[in-house]
Amino acid sequence: MAVSSTVGRISQLDKATLAKLEAGCNFINAEVSRVRGRIMIVASVVAVLGVIVYGMLWNNGVRDPRFVIGAALAIIVAFGVWEHRKLSKTYKQIVVRRVVSALGQGLTYSPESRFTKQDFLDMDLFNLRVEQWRAEDEVGGRRNAVTYSILEAKATRTEASGKNRRTITIFKGVIVRLDFNKHFHGHTVVVPNSESQILGGLFGESSSRRSKELCRMENVEFEDAYSVYSTDQQEARYILTPKHMELIMEAQALLGAHGDLRFSFHDNSM
């Protein structure tokens, strides 16, 4: 069934909207040039001051230039990072907001997301401990009776310490949340079949998946690719109709090796 969308393509935008987007992009391009200029000026000033300081140290018998070079590089890098953050914030506020506003009626944009770490944990889509959480660039809208939001998120944790310290990425990708008027009585999750409930409780996993039972679905191909866990098996089968299972497999085929799809049906949200 073909479904029309309020979200269009850049090529379909009217001239007035395209002019606004072009003006925003031109402003950011000019800002990029100005930032580069400021960084070059600061680098030049720091280099001159570094030579002067090293000359003073030389007169006092200090011949090793590493301290002066290291300090100069640290100042230049710190200034560059500060300028980059300011530019990124300006870009999101001006260009991204205009693009989102132009692509669909009623779409909203926020550089920060209201989707919290607890919201991520409540989905119960990953049996791994999460420590660090970041969510940003949230786009929201409404289609008929359904409110939706799309955001980028990253969930990580830190393991070991010292030289062995490393960051484990648990999730890095896009979260799409649909809020319905209906309320789910249970909690149903759909995860790749490669994950097994046998691993529950090992390697720092959460224990929330234990409260759900593995559901047997009628679609054999779907069961080969996904595992369905739910606190209400009857509701899980009601949610995952044969058509819905086919759509999930088609979407995963389009996504291919770029990632996997996971679904959580809880409270009034998918």
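**Pockets, a helix pair and the surroundings of Asp 137**

Strand β4 is the main contributor to the lining of the largest pocket, giving 9 residues. The model examined here is a predicted one, and its largest pocket holds about 820 Å³ of space. This pocket is lined by 29 residues, with Met 123, Leu 125, Ile 175, Val 176 and Arg 262 nearest its centre. Two or more lining residues come from each of α3 (117-123), β4 (166-179) and β8 (263-265). Sorted by class, the lining comprises 15 nonpolar, 7 polar and 7 charged residues.

The second largest pocket encloses about 540 Å³. Its lining is made up of 17 residues, and His 244, Leu 247, Ile 248, Phe 263 and Met 270 are the closest to its centre. Here α6 gives the most, with 5 residues, while α5 (233-239), α6 (242-255) and β8 each supply at least two. The lining of this second pocket divides into 14 nonpolar, 2 polar and 1 charged.

Turning to helix packing, α1 (residues 15-59) meets α2 (residues 66-103) at an angle of about 170°, and the two axes are 9 Å apart. Because angles over 145 degrees count as roughly antiparallel, α1 is roughly antiparallel to α2. The contact between these helices involves 25 nonpolar, 5 polar and 5 charged residues.

A closer look at one residue completes the picture. Asp 137 belongs to strand β2 (residues 132-143), and its side chain makes a polar contact of 2.6 Å with the side chain of Tyr 109. Leaving aside residues up to four places away in sequence, Asp 137 touches Lys 92, Tyr 109, Ser 110, Pro 111, Glu 112, Ile 150, Leu 151 and Glu 152.

Definitions and conventions. Residues numbered from 1 in each chain as written. Predicted model: local features only at pLDDT ≥ 70, side-chain atom pairs only at ≥ 80, totals over all residues. Heavy atoms only, no water. Helix = DSSP H or I, 4+ residues; strand = E, 2+ residues; numbered from the N terminus. Polar contact = N/O pair within 3.5 Å; in protein donor to acceptor, adjacent residues only side chain to side chain. Contact = heavy atoms within 4.5 Å. Axes fitted to C-alpha atoms, helices over the stretch in contact; angles between N-to-C directions. Parallel < 35°, antiparallel > 145°, perpendicular 65-115°, else oblique. Nonpolar A, V, L, I, M, F, W, Y, C, P; charged D, E, K, R; others polar. 1 Å grid on protein atoms, 1.4 Å probe; cavity = no way out; pocket = protein on both sides within 12 Å on 5 of 7 lines; lining within 4 Å. Points joined across faces, edges and corners; volume = space filled by probe spheres on them.
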